[in-house]
Amino acid sequence: MSSVSSRLPVFPWDRLEPYKATAAAHPDGIVDLSVGTPVDPVPELIRKALVAAADSPGYPTVWGTAELRDAITGWTARRLGARGVEHRNVLPVVGSKELVAWLPTQLGLGEGDVVAYPRLAYPTYEVGARLSRATPVAYDDPTGLDPAGLRLLWLNSPSNPTGRVLAKEELIRIVAWAREHGVLVFSDECYLELGWEADPVSVLHPDVCGGSFDGLVAVHSLSKRSNLAGYRAAFLAGDAAVLGELLQIRKHGGMMTPAPVQAATVAALGDDAHAAEQRARYQARRTALRAALESAGFRIEHSEAGLYLWATRDEPCWDTVAALAERGVLVAPGDFYGPAGERFVRVAFTATDERVEAAVKRLA
């Protein structure tokens, strides 16, 4: 029996620790732009909903309350343009990373099965495949993959780390190919409401799915939209048959979103104003950091959506990380997201206004 450590890659963030120490030694402190973790307050209406549901002594259900499912179906119709989403088409999950990491296992995938994900991607897609002992395969264009053995196809638009957005026409082509070959598509759309120079489209949009959710599931999170990373609030929407199977498995596994978090999620999904306010904060930080990076000789590629700038000055990514750490600015090396990122760094704009201003000055 192989150990877990032999099946998994080295946890990438451990490699960044020496550079973090260098950046932290800056006289004015570190500006940490390496991780896209929210720093702004949880909106008051969400906190109030959480507190109001604090007296929840009983077990919550894995499927969530009817109010939660109503909130999810309402949001998917309003924000994604999805039509015909019913309670059977949704499923709350305990944060999207948990879902990504354990989905292949919960789907029953194993040796001989293939899990495919973008060449530049969030590392947990590969981790999930390895945990289930399936074969991880990175792609540039999924329709160029050999469909033999391909059981799960991950899409990620807007992309983490690059911010690339798949055009509607591209999504239509990929969905048609996947259906032709009987491949299940999971579309990670957690940054969908953060389009800057593009308007991201969900696979559940009728123009893409043709009015049917067969073989399609979208993944969404409130971590970035509503500053709820600490709440672990996320959900799935799409193929009722797939979600029904996952519901049964997750019942056995006790994967329950806490009742107060369910109530907070209802409040968050029912209010678009706080999301618009947070989006405006991110837009201002993005504008300032992009201008500073370009003035410092960086080129920004893609980055048309999401919470990151995909930046390069045509040198090995660790050289860039080291140089910026000397200025007290910590960024993520692009090779965390695959070998294709070896000359890029990912710069998050989730720091406070004060820290972003400090980074801008240091880059000048």
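**View 1. Side chains of strand 6 on both faces of the strand.** From strand 6, L184, F186 and D188 point one way and V185 and S187 the other, and all are buried (buried: under 20% relative accessible area, with exposed over 50% and partly exposed in between, for a 1.4 Å probe and protein chains only). Because 5 of the 5 residues of strand 6 are buried, the strand is largely enclosed by the rest of the structure. Strands (E, at least two residues) and helices (H or I, at least four) are DSSP runs numbered from the N terminus. The model is predicted: local features need pLDDT of at least 70 and side-chain atom pairs count only at pLDDT 80 or more, while totals for chains, interfaces and linings use all residues. Residues are numbered from 1 along each chain as its sequence is written, and side-chain values use heavy atoms, with hydrogens and water left out.

**View 2. Pairing of strands 5 and 6.** Strand 5 (residues 150–156) and strand 6 (residues 184–188) run parallel and are joined by 5 bridges; two strands pair if DSSP finds at least two bridges between them. L153 stands opposite V185 of strand 6, and L155 stands opposite S187.

**View 3. The open sheet and its edges.** The sheet is built from 7 strands in the order 2-8-7-6-5-3-4, with mixed pairing. Strand 2 (90–93) and strand 4 (135–139) stand at the edges with a single partner strand each, so one side of each has no neighbour in the sheet. On average, neighbouring strands of this sheet are turned by 20° against each other, direction ignored.

**View 4. Helix 5 across the sheet.** Helix 5 (residues 96–106) lies across strands 2, 3 (114–118), 5, 6, 7 (216–221) and 8 (234–238), where contact means heavy atoms within 4.5 Å. Helix 5 runs at about 160° to strand 5; axes are lines fitted to C-alpha atoms, for helices over the stretch in contact, and angles run from 0 to 180 degrees between N-to-C directions.

**View 5. Helix 6 and the residue after it.** In helix 6 (residues 124–131), 6 of the 8 residues are buried, so the helix is largely enclosed by the rest of the structure. These buried residues are T124, Y125, V127, G128, A129 and L131. R133, which follows helix 6, has a positive phi, near 70°.
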